[in-house]
Amino acid sequence: VEFSPFFPDLFACASCANYGIVGNGKLWVWRNNMLDRTFDTQDGLFDLTWSEQHEHHLATSSGDGSIKLWDVTLQQHPTKHWHEHAREVFSVDWNLVRKDQFVSGSWDNTIKLWRPEANQSLMTFQEHKGCVYQTIWSPHLADVFASASGDHSVKVWDCRQPQSVQSFVAHNNEVLALDWNKYKRDCIVTGSVDNTIKVWDLKFPGKPLNVLPGHEYAVRRLKCSPHAGNLIASVSYDMSLRLWNLDNPFQPRIYNDHTEFVFGVDFSLFHPGQIATCSWDESVDVFVL
């Protein structure tokens, strides 16, 4: 689930039937807290990212290895379709600084760089030895993104170079979630199957700044607040949303509104304190903290 970077009351959710194992997908778009329209796909959708270039465009990633670009003001058919990944595409993320490109991460262990006007990917990055679960652009540097993988590692990339510029083992299990701090250039946050969240200074990756235990099962996704540098939201297979204040990291606020695995979380850019979550219980919750 992700809020629009252009409109205060527009957000979308990517979904899949039968827990993503087999079946169709659907893209849901809400405007002013009302369902505005839906788009059906032949395979499940695992992630979405709003364009930073065009106010009505977003990209989705799919279980069949494809990526689609949609105009949410048009009906049904995507405006662009790419199919280069060999397995499920679990992550797509639009460049916040350059605004003219996005990156995808797949279970085929590769990462690809795209421009919406190009008919094929611009570059493929192949270093991870396991599934790439998340790829996230730096909000500070135009050509830098990071990736989280099932090989337990986090890698930092400069898209002008084919090899990663930094790599380190972040957890002793699969790393499912990753985000950049919006206020500190070298600070990233990771979440893992080991149930923990770790805060890192990329200048000193040998030891995390913080380790945040508390989730009872794997951390599925996390987001750093765009409004406060010390606030992190995380969601988990334990069905909870937790809000962490890094000034007091061992007393998170816990929300147990979902009845199944929670798979997505996002902060609104326009409404401080507004947050959205989505879950396998087939619901999207939007609320103010």
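Colleague: Let me start small: which residue in E23 is the bridge partner of Leu-231?

Modeller: Asn-245 is the bridge partner of Leu-231 in E23. Strands (E, at least two residues; helices are H or I, at least four) are DSSP runs numbered from the N terminus, and two strands pair if DSSP finds at least two bridges between them. Before we go on, this is a predicted model: local features need pLDDT of at least 70, side-chain atom pairs count only at pLDDT 80 or more, and totals for chains, interfaces and linings use all residues. Residues are numbered from 1 along each chain as its sequence is written, and side-chain values use heavy atoms, with hydrogens and water left out.

Colleague: How many bridges join E22 to E23, and what lies between the two strands?

Modeller: Five bridges join E22 to strand E23 (residues 241-245), and the two run antiparallel. They form a hairpin with four residues between them, and Met-239 in the turn has a positive phi of about 75°.

Colleague: And what joins E22 to E21?

Modeller: Five bridges again, with E21 and strand E22 (residues 231-236) running antiparallel. In E22, Ala-233 is the bridge partner of Lys-223, while Ser-236 is that of Val-219. E21 and E22 form a hairpin too, with six residues between them.

Colleague: Which strands stand at the edges of that sheet?

Modeller: It's an open sheet of four strands, ordered E21-E22-E23-E24, with antiparallel pairing. Strand E21 (219-224) and strand E24 (253-255) are the edges; each has a single partner strand, so one side of each is left without a neighbour in the sheet. The twist averages 20° from one strand to the next, using lines fitted to C-alpha atoms as axes, with angles from 0 to 180 degrees between N-to-C directions (for helices, the fit covers the stretch in contact).

Colleague: Is E22 mostly covered or uncovered?

Modeller: Buried means under 20% relative accessible area, exposed over 50%, partly exposed in between (1.4 Å probe, protein chains only). In E22, five of its six residues are buried, which leaves the strand mostly covered. Strand E8 (residues 80-83) is two-faced: Lys-80 and Trp-82 make up the covered face, His-81 and His-83 the uncovered one. Four bridges join strand E7 (residues 66-71) to E8, running antiparallel, and Lys-80 in E8 is the bridge partner of Leu-69.

Colleague: How should I read a single residue, say Thr-60: buried or exposed?

Modeller: Thr-60 is in strand E6 and counts as buried because its relative accessibility is 1%. For contacts, look for heavy atoms within 4.5 Å. Leaving out residues up to four places away in sequence, Thr-60 touches several, including Leu-27, Asp-47, Trp-70 and Val-92. Its side chain also makes a polar contact with the side chain of Trp-70 at 2.9 Å. That term is a pair of N or O atoms within 3.5 Å; within protein, one must be able to donate a hydrogen and the other to accept it, and residues adjacent in sequence count only if both atoms are side-chain atoms.

Colleague: Where is Glu-52 found?

Modeller: Glu-52 is in the loop between strand E5 (45-50) and strand E6 (57-62). Glu-52 counts as buried because its relative accessibility is 16%. Beyond neighbours within four places in sequence, its contacts include Pro-5, Phe-6 and Trp-94.

Colleague: Zooming out, how many helices and strands are in the protein chain?

Modeller: Zero helices and 27 strands. Of the 289 residues, 55% count as buried. Among contacts between residues at least 6 apart in sequence, 42% join residues at least 24 apart.
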